[in-house]
Amino acid sequence: MDIKDIQNLIKFVSKAEVSEVKYKTKDFEITIKTPLAGSEVSYAQPAVYHSAPQQVAAPAPVAAAPAAAEKAEAASDDSKYVTIKSPMIGTFYRKPSPDKDVFVNVGDEVSNGKVVCVIEAMKLFNQIESEVSGKIVKILVDDATPVEYDQPLFLVDPS
């Protein structure tokens with residue numbers, strides 16, 4: 001089987017909407033699995049509304065000093081957490097489909113191998129699994145937003 005035949009087989013599997021196809025000959029074997037076990041996944045992109053810039057009074061300089069101190073303190077607290085990062089470029093989704101519940105929320109326990117989100121890349125929905133066990137402390141990305149390779153997605157407290 002050459003690369004052209006494999007590409008045609010992949011196209012056929014994606015159009016047939018099956019969850020798994022195995023093809024085997026005496027000296028060649030291939031298994032093609034579709035994401036999310038063949039369930040149809042469609043996401044609506046949220047509408048983005050831009051409003052005209054509005055004049056806002058600048059905050060008093062005294063209020064800025066405590067905010068800077070809080071940010072520095074939060075950054076030092078984040079060092080004890082493990083970060084789950086995006087393994088690819090794509091669109092981040094917290095749910096397997098729009099009518100389902102989210103994979104994880106803040107405060108949920110995750111274990112090694114548990115699916116925490118889906119990243120859609122080139123019309124393929126890739127399940128992202130946790131590589132650490134612990135408690136989700138913070139979700140760093142909004143649902144249905146683009147993510148970059150190696151971008152932090154979740155903070156996990158491994159203790």
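Here is a friendly set of questions and answers about a predicted model of a protein chain.

User: Let's start with the overall layout. How many helices and strands does the protein chain have?
Analyst: Happy to walk you through this predicted model. From the N terminus on, the elements run α-β-β-α-β-β-β-β-β-β-β-β. Counted by type, the protein chain has 2 helices and 10 strands.

User: What share of the residues counts as buried?
Analyst: On the surface side, the chain exposes about 11,400 Å², with carbon and sulfur atoms supplying 53% of it. As for burial, a residue has to fall under 20% relative accessible area to count. Of the 159 residues, the buried share is 27%.

User: Which strands does α1 pack against through its buried residues?
Analyst: Helix α1 spans residues 3–16 and reaches 20 Å from its first C-alpha to its last, close to the 20 Å expected at 1.5 Å a residue. Its buried residues include Ile-6, Leu-9 and Val-13. These three cover an arc of only 60° around the axis, which puts them on the same side of α1. The buried residues of the helix pack against β1 (20–24) and β2 (29–33).

User: And which exposed residues sit on the face of α1 turned away from its buried side?
Analyst: Just past the helix comes Glu-17, whose phi is positive, near 55°. Within α1, the face turned away from the buried side carries the exposed residues Lys-4, Lys-11, Phe-12 and Lys-15.

User: Now the sheet, please. Which strands are at the edges of the open sheet?
Analyst: The sheet has 4 strands in the order β3-β10-β8-β5, and their pairing is antiparallel. An edge strand here is one that pairs on one side only. That description fits β3 (82–85) and β5 (109–110).

User: Which residue of β8 stands opposite Val-110?
Analyst: Strand β5 is joined to β8 (residues 134–139) by 2 bridges, and the two strands run antiparallel. Across from Val-110, the residue in β8 is Gly-134.

User: How many aromatic pairs does a search of the whole structure find, and what is the centre-to-centre distance for Phe-92 and Phe-154?
Analyst: The search of the whole structure finds 2 aromatic pairs. Phe-92 and Phe-154 form a tilted one, with 55° between the planes. Phe-92 lies in strand β4 (residues 90–93) and Phe-154 in strand β10 (residues 152–157), so the pair ties together parts that are 62 residues apart in sequence. Their ring centres are separated by 5.9 Å.

User: What angle do the planes of Tyr-93 and Phe-125 make?
Analyst: Both Tyr-93 and Phe-125 are buried. Tyr-93 and Phe-125 form an aromatic pair with 6.2 Å centre to centre. This pair links distant parts of the chain, with Tyr-93 in β4 and Phe-125 in β7 (residues 124–129), 32 residues apart. The pair is tilted, and the angle between its planes is 45°.

User: Is Phe-154 buried or exposed, and what is its relative accessible area?
Analyst: Phe-154 is found in strand β10. Leaving aside neighbours within four places in sequence, its contacts include Val-82, Ile-84, Phe-92, Val-104 and Ile-136. Phe-154 is buried, and its relative accessible area is 0%.

User: How far apart in space are Phe-154 and Lys-138, C-alpha to C-alpha?
Analyst: Lys-138 is among the residues in contact with Phe-154. The two are 16 residues apart in sequence. From C-alpha to C-alpha, the distance in space is 5.7 Å.

Terms used: Residues numbered from 1 in each chain as written. Predicted model: local features only at pLDDT ≥ 70, side-chain atom pairs only at ≥ 80, totals over all residues. Heavy atoms only, no water. Phe/Tyr/Trp six-rings, centres within 6.5 Å; stacked < 30°, edge-to-face > 60°. Buried < 20%, exposed > 50% of the residue type's maximum accessible area, 1.4 Å probe, protein only. Pairing = 2+ DSSP bridges. Expected span 1.5 Å × (residues − 1). Arc of directions from axis to C-beta. Contact = heavy atoms within 4.5 Å. Areas by Shrake-Rupley, 256 points an atom, 1.4 Å probe, with all protein chains shown as cover.
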